[in-house]
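Biologist: Before we look at anything, could you take me slowly through how a model like this is read, with a general idea and then a case each time?

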Amino acid sequence: MQNFTTKIVNMMKSEKLFASQGGPIILSQIENEYQNVEKAFHETGPPYVRWAASMAAGLETGVPWVMCKQDDAPDPVINACNGMRCAETFVGPNSPNKPAIWTENWTHFYDIYGNITKIRSPEDIAYQVALFIVKMNGSFINYYMYHGGTNFGRNASAFIITSYYDQAPLDEYGLIRQPKWGHLQELHAAVKLCSETLLNGVQSNFSLGVLQEAYVYTRENGECAAFLLNRDGGHGANIQFRNRTYQLPPKSISILPDCRTVAFNTAKVSTQFGTRTRQPAVKLDKTEMWEKWNEIIPIFDNTSIRSNSLLEQMNTTKDSSDYLWYIVSYQQTEESKSEITVNSRGHLLRAFVNGVQIGSGHGFFRNQGFTVKTTIPLISGVNDISLLSVMVGLPDSGAHMERRASGVQSVSIQENQVFKNLTISSWGYQVGLFGEKLQLYTEEGTNKAIWCNLNSSSSQPLTWYKSKFDAPGGNDPLTLNLGSMGKGEAWVNGQSIGRYWISFHNPDGSPSQIWYHVPRSFLKPKDNLLVLFEEEGGNPTGISVDTVSITKVCGHITDSNPPPLISWKRETLSRNTSEIHHERRPKIHLHCPPKKYISKILFASFGSPFGDCESYALGKCHSTNSTAIVEKACLGKKKCSVPWSNKRFGGDPCPGTRKDLLIEAQCQ
């Protein structure tokens, strides 16, 4: 570890990348969340932490070192927080000379096959960030992830889907995910308005109610900034602060850069919502577009690796393939129906007898082991029992990784009450697939096999499919719709775009992932080779190459929404004083993506519309000229603003009733 760390540091130094050399690197990290596993190493854990810290500090980078989630990080290494609620869970710096930093503010959860996607709201992120700044005197917050990504190839860890943090402020394709991106932009703009006072003022903290409090910063020149906090997650609160009344929504923080005017509230989203749409650009829906090649199911006599025991999978494959064949030759005196039981340590198993699939099973993220028990037909003479054990990623964390195990653990056959243990029989092994050895996913490799035409009536397991397509025009991101397939891996021009597992459904009955990112950099203008290895069968004629774009934008505000931060202007009146000028009118700002314009107003209502940008309808109160006014302001434009205003919509449509403004527009 010391050799590796030293090598990396010296590489950075040689390029003058550390801030102490005038470069961009302001922090370095040694270890990652070691505290999670430290207790498993008993008395050797703490000394290792001290050694790692001393070793890193001795490399003299000129910038601070941090340890994430390591409360006892030794001086001078900074203990930092990772998580979603560091404002509430972080123990704080373990030394007065260390800052409070949040190295991983998780904007989402990584998604797992078989689990429903959990969404972290922009309101919750903003609340935790604002609270961390004032409660912990937080000086650094890093978002993990700010840009989503793709686990191309076989890079995803165990049971993690190919798409990674697609719900980040910039999604998997690099598109802006609204309102998360915009709400955080507004948050940081509001904090920046307070920055001089936060950095140079004196903080005071006092109660405004049972679950309400104020953090106030004042300077000698009279400048003042306040953060008004409501911890109550179930109820809003009206509080008095400096002889004014403020409404605080449940679990929210209002930021007042001048101690008078609310510039931002963490629970009030004024930013537009965006709707991401996928449209088929190339349909591969004809059987003549496809060819297939059936993977060869190995038999015992053709194996070169032999053992009188069942080998552990990861140590056998050395990460060269997800697949390991376990093959045993079983002698039978007469035809019979027997029961086979296979215990696996994970992740998935497909069992074949004499070339015919007779059963399968798989584990789960938290319980990777499983048992396959099924009836098998045995012929008189030699029977080849071929078990394909499949990994869905390597383990990625935890103590004693060297003790992890996967693959087949035990095999037995029961026939007429007679139990036969095959675990200690002579087993043959094949690492990987024949198709992988031939590299069928490359142009050169496809010529090494004799492909057959696709028969629409045939669908069998362990089949390679290939087709070709031209790159769709334009610059929109591209994705492969694999909703008609089962489980396997896909390649475009020899580049793996990742594993897919459509047949593993979430509790609500839907697949964990259907669309798979195809970077345009992988493509040629014409004749792009698409190859899939399908384990279960699937229907390749349901595959399409889709474009991804933001096609609709929507805004929803009330009269209590703060005005957009862009409306705040700071003008220096003298060397020591400044005044903030601002409009007090909430506005909906709609903005289409590059090269798109507002082509249609899908919905507009000033009054009491039901719902929100996800689902809406007209309410009892509605200004009948809403659509006409919004169309005049927005149609044909790349962006537009519509203020919340009774006057703008021809008067108050329902006096005494709270009024919302909700607009949805189409971008083309």
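Modeller: Let us begin with burial, and keep in mind throughout that this is a predicted model. Thr479 counts as buried because its relative accessibility is 0%, and the cut-off for that word is under 20% relative accessible area.

Biologist: Where does Thr479 sit, and which residues is Thr479 in contact with, leaving aside its neighbours within four places in sequence?

Modeller: Thr479 belongs to strand S29, which covers residues 478-481. Beyond those sequence neighbours, Thr479 touches Tyr173, Arg278, Trp515, Tyr516, His517, Val518, Ser544, Val545, Asp546 and Val548. With Tyr516 there is also a polar approach, since a polar atom of the Thr479 side chain lies 2.9 Å from the backbone nitrogen of Tyr516.

Biologist: Is Ser95, by the same reading, buried or exposed?

Modeller: Ser95 is buried, because its relative accessible area of 12% falls under the 20% cut-off. Ser95 is placed in a loop, the one that runs between helix H3 (86-89) and strand S4 (100-106), and its side chain makes a polar contact of 2.4 Å with the side chain of Asn97.

Biologist: Now to the sheets: how should I think of strands that pair, and what is the order of the five strands in the parallel sheet?

Modeller: In general, the strands of a sheet pair through backbone hydrogen bonds, and the pairing may be parallel or antiparallel. Here, five strands with parallel pairing form an open sheet in the order S1-S2-S3-S4-S5. Its edge strands are S1 (28-29) and S5 (138-144), each of which pairs on one side only. S1 runs parallel to strand S2 (residues 65-68) and is joined to S2 by two bridges, with Ser28 standing opposite Trp65 in S2.

Biologist: Which strands stand at the edges of the open sheet with antiparallel pairing, S8-S9-S10-S13-S14?

Modeller: That sheet has five strands in the order you give, and strand S8 (202-207) and S14 stand at its edges; each has a single partner strand, so one side of each is left without a neighbour in the sheet. Strand S13 (residues 252-256) pairs with S14 in the antiparallel sense over two bridges, and Ile255 has Phe264 in S14 as its bridge partner.

Biologist: And can a whole strand be read for burial, as a single residue can? How many of the five residues of strand S26 are buried?

Modeller: In strand S26 (residues 427-431), four of the five residues are buried, so this strand is largely enclosed by the rest of the structure. S26 pairs antiparallel with strand S17 (residues 305-307) over three bridges, where Ser307 has Trp427 as its partner. S26 also runs antiparallel to strand S18 (residues 323-332), to which five bridges join it, and Ile327 stands opposite Gly428 in S26.

Biologist: Finally, how many cavities of 30 Å³ or more does a search of the whole structure find, and which residues line the largest cavity?

Modeller: The search finds one cavity of that size, and the largest cavity holds about 50 Å³ of space. Its lining consists of His183, Glu186, Ala263, Phe264, Asn265, Lys268, Ser270, Pro562 and Pro563. Helix H5 (180-193) and strand S14 (264-265) are the elements that give two or more residues to this lining. By class, the lining has four nonpolar, three polar and two charged residues. Phe264 thus appears in two of our readings, as a lining residue of the largest cavity and as the bridge partner of Ile255.

Definitions and conventions:
Residues numbered from 1 in each chain as written. Predicted model: local features only at pLDDT ≥ 70, side-chain atom pairs only at ≥ 80, totals over all residues. Heavy atoms only, no water. Buried < 20%, exposed > 50% of the residue type's maximum accessible area, 1.4 Å probe, protein only. Polar contact = N/O pair within 3.5 Å; in protein donor to acceptor, adjacent residues only side chain to side chain. 1 Å grid on protein atoms, 1.4 Å probe; cavity = no way out; pocket = protein on both sides within 12 Å on 5 of 7 lines; lining within 4 Å. Points joined across faces, edges and corners; volume = space filled by probe spheres on them. Nonpolar A, V, L, I, M, F, W, Y, C, P; charged D, E, K, R; others polar. Contact = heavy atoms within 4.5 Å. Pairing = 2+ DSSP bridges.
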